[in-house]
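Colleague: Could you take a close look at the empty space inside this model for me? I would like to know what surrounds it, and then how the neighbouring parts fit together.

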Amino acid sequence: MLSAFFHSFLSERIKLRRSLLGWLILCGGSFVPAIMLAVRIRRQQQLPNWHRLGVFWEKHWIESWESISIMILPLMVVLLTTLILQVEYRNNTWKQVHASPQTWGTIFSAKLAVVLLALLQLFVVINLGLYLAGALPSLLVGAGGGISSSPIPWIRMLARDANYFVECLPIVAIQFLLALRFRNFLVPIGIGVAGWILSLVLINTSYNFLIPYNYTGIDYLISTGHRSGQNLPTTLGTLACGTFAVLTLVSYALYSRQADKG
Amino acid sequence: MSEWAIETCGLSHRFTPTDAVLQDIQLQVPTGSLYGFLGPNGAGKTTTLRLVLGLLRCQEGSIRVLGEPLESRRVALLRRIGSSIESPSLYAHLSSVENLTVWQKVFGCPARRVGEALHQVGLHDTGGKVAGQFSLGMKQRLALAVALLHQPELLILDEPTNGLDPHGILEMRDLLIRLNRDHGTTILVSSHLLSEVERLVTHVGIISRGTLRFQGPLASLAERNQADRQLTLHTSDNPRALEILLTSGWSARPEQGRLFVQGVSSIQAGALNQQLVMSGLTVFELTPVGQNLEHQFFDLIGD
């Protein structure tokens, strides 16, 4: 079974060669780091002061993640998930996939794994981009006395990354369900963007956890002390994992019971 | 080895409660045969094939493939089947090698099979050109390569010659005959191109409006045809010829300046000609009608 999954996963990865996925991850992941880099270079006279701060990297990370967590991550998850599943609809290949010797479970899990891997790649690009956005300005413009010597809080940053990753999972599950069911890619993208906008509207209310399109944004606001998080019935991580598990099961049930598979 | 590569029993299907697309289909594709599944557009060919491949959930009846029930053995059976349903299913942004590699991973067959399958269909020199830039004929051939990749025992091809030029049709036909003859692959080919199937298949099934109208060896369809054969005659004196024919017990009628004679075999046609000549008539024309599968087909699919 594991071998079937592994082969199916490899096959899914090949399908995404030469697709827009790589560019989407690269552009989406480096969007905020590029802006941060431009800002640092524009304000190069302030670099020495920033570098003297013992918490340069932490401040740099916190500033950067504000827009990443609230805007970039939810929208990128909507786009990535839809794009990956659209490969079959766009090429009219679902019938060939379903006429191949794979269980519905293998097909479903391999596709989900590919989406999760793409999300992981997005996190890698974001983090690399943020590091470069912090390190490059002083090297490029020669101000600030080189890369800041303040310690990079790797452990804390990786832990935050892990939290954000988990908090993206409900969006993955919703979009996966929608993208599997609807041939027209505008439906999952439209619902995804509408969900994200609704979550932005609700983000300052005590019901913000009801629309799982911005758990990353809520987490950011709580972790930076802008919100207390007391309205949450449980931790965001638990909410995200629970929502992901339930929606994934629903999604699989709908998919495997589909009477017409191509 | 099972007698039937595909056997359906009482197969019926509806897309809406009032719309019966298939009714009581008893498909029997003999193992080792080259079976032509004929029918006009909308007759239910593709629906039947989708059911046989498990792409549609079976509502009524049963399906056995390669001697095993499809419902409980779907994945294991699909490992032994190659298929191409409707339009070619290809990833337009990938090259032919990449398209085949997608399925090579799934089927777990050796990587060398990618090159071999491309050679078999004559697409080994397409290089980095992506499938989206292929002509329809090349796409059909690539779809066939996908179906052949894992050297299946049963090949199910839905209208595989669509979009092929005459040379491509010939090549495809030769390839299918070779596969059937040299490797014993059972091949089911659906088509509405009757002349195409006539030169290719050993068995035929004719479906129309969701019901199977005929099934059996091509030879038995031809035999059935003998009884229904007609002749058109044009002589120097048609009224007299009609009189001679009717007197001799033939079922004949005049129509549009010709005579139509019913139920004449090729041997009888010779004797009939001789009889007319001996009676002093000159026979200008003696044309057998309804001798090819096409006429038989139209008879069978008619109401």
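**The largest cavity and its surroundings**

Modeller: Happy to! The largest cavity is lined by Gln96(A), Ala99(A) and Ser100(A) from one chain, and by Ile81(B), Gly82(B), Ser83(B), Trp103(B), Phe107(B), Val146(B), Ala147(B) and His150(B) from the other. Please keep in mind that this is a predicted model. The space inside this cavity comes to about 60 Å³. On the chain B side, the elements that give two or more residues to the lining are β7 (81-84), α3 (96-107) and α5 (136-148). Of these, β7(B) has the largest share, with three residues. As for chemistry, the lining of the largest cavity holds six nonpolar and five polar residues, and no charged ones.

The search counts two cavities of 30 Å³ or more, so let me turn to the other one as well. The second largest cavity has a volume of about 40 Å³. Its lining is made of Leu177(A), Leu180(A), Arg181(A), Ser251(A), Leu254(A), Tyr255(A) and Gln258(A). Helices α7 and α10 of chain A each bring at least two residues to that lining. By class, the lining of the second largest cavity has four nonpolar residues, two polar and one charged.

Open space deserves a word too. The largest pocket has a volume of about 420 Å³. It is lined by 20 residues, and the closest to its centre are Leu56(B), Arg57(B), Cys58(B), Leu70(B) and Glu71(B). Two or more lining residues come from each of α10 (236-257) of chain A and β5 (60-65) and α2 (70-78) of chain B. The largest share, four residues, belongs to β5(B). Nine of the lining residues of this pocket are nonpolar, five are polar and six are charged.

Now for how the chains meet. Between chain B and chain A, 31 residues of chain B are in contact with 31 residues of chain A. About 2800 Å² is buried between the two chains, and carbon and sulfur atoms give 56% of that area. Three salt bridges are found across this interface. Arg18(A) and Glu98(B) also pair through their side chains in a salt bridge, at 3.1 Å from N to O.

Over all chains, the whole structure has 19 salt bridges. One within chain A joins the side chains of Lys15(A) and Glu88(A), with an N to O distance of 2.7 Å. This pair ties together distant parts of the chain: Lys15(A) sits in helix α1 (residues 2-15) and Glu88(A) in helix α4 (residues 56-91), 73 residues apart.

Finally, back to helix α7 of chain A, which helps line the second largest cavity. Two packed helices are described by the angle between their axes and the distance between the axes. The axes of α7 (residues 154-181) and α9 (residues 215-223), both of chain A, come within 8 Å and cross at roughly 145°. On the α7(A) side the contact is made by Arg160(A), Asn163(A), Tyr164(A), Glu167(A), Cys168(A) and Pro170(A), and on the α9(A) side by Tyr215(A), Thr216(A), Asp219(A), Tyr220(A) and Ser223(A). Sorted by class, the contact of these helices has five nonpolar, three polar and three charged residues.

Note on methods
Residues numbered from 1 in each chain as written. Chains lettered and ligands numbered in written order. Predicted model: local features only at pLDDT ≥ 70, side-chain atom pairs only at ≥ 80, totals over all residues. Heavy atoms only, no water. 1 Å grid on protein atoms, 1.4 Å probe; cavity = no way out; pocket = protein on both sides within 12 Å on 5 of 7 lines; lining within 4 Å. Points joined across faces, edges and corners; volume = space filled by probe spheres on them. Nonpolar A, V, L, I, M, F, W, Y, C, P; charged D, E, K, R; others polar. Axes fitted to C-alpha atoms, helices over the stretch in contact; angles between N-to-C directions. Contact = heavy atoms within 4.5 Å. Buried area = accessible area lost by both parts, 1.4 Å probe. Salt bridge = Lys/Arg side-chain N within 4 Å of Asp/Glu carboxyl O.
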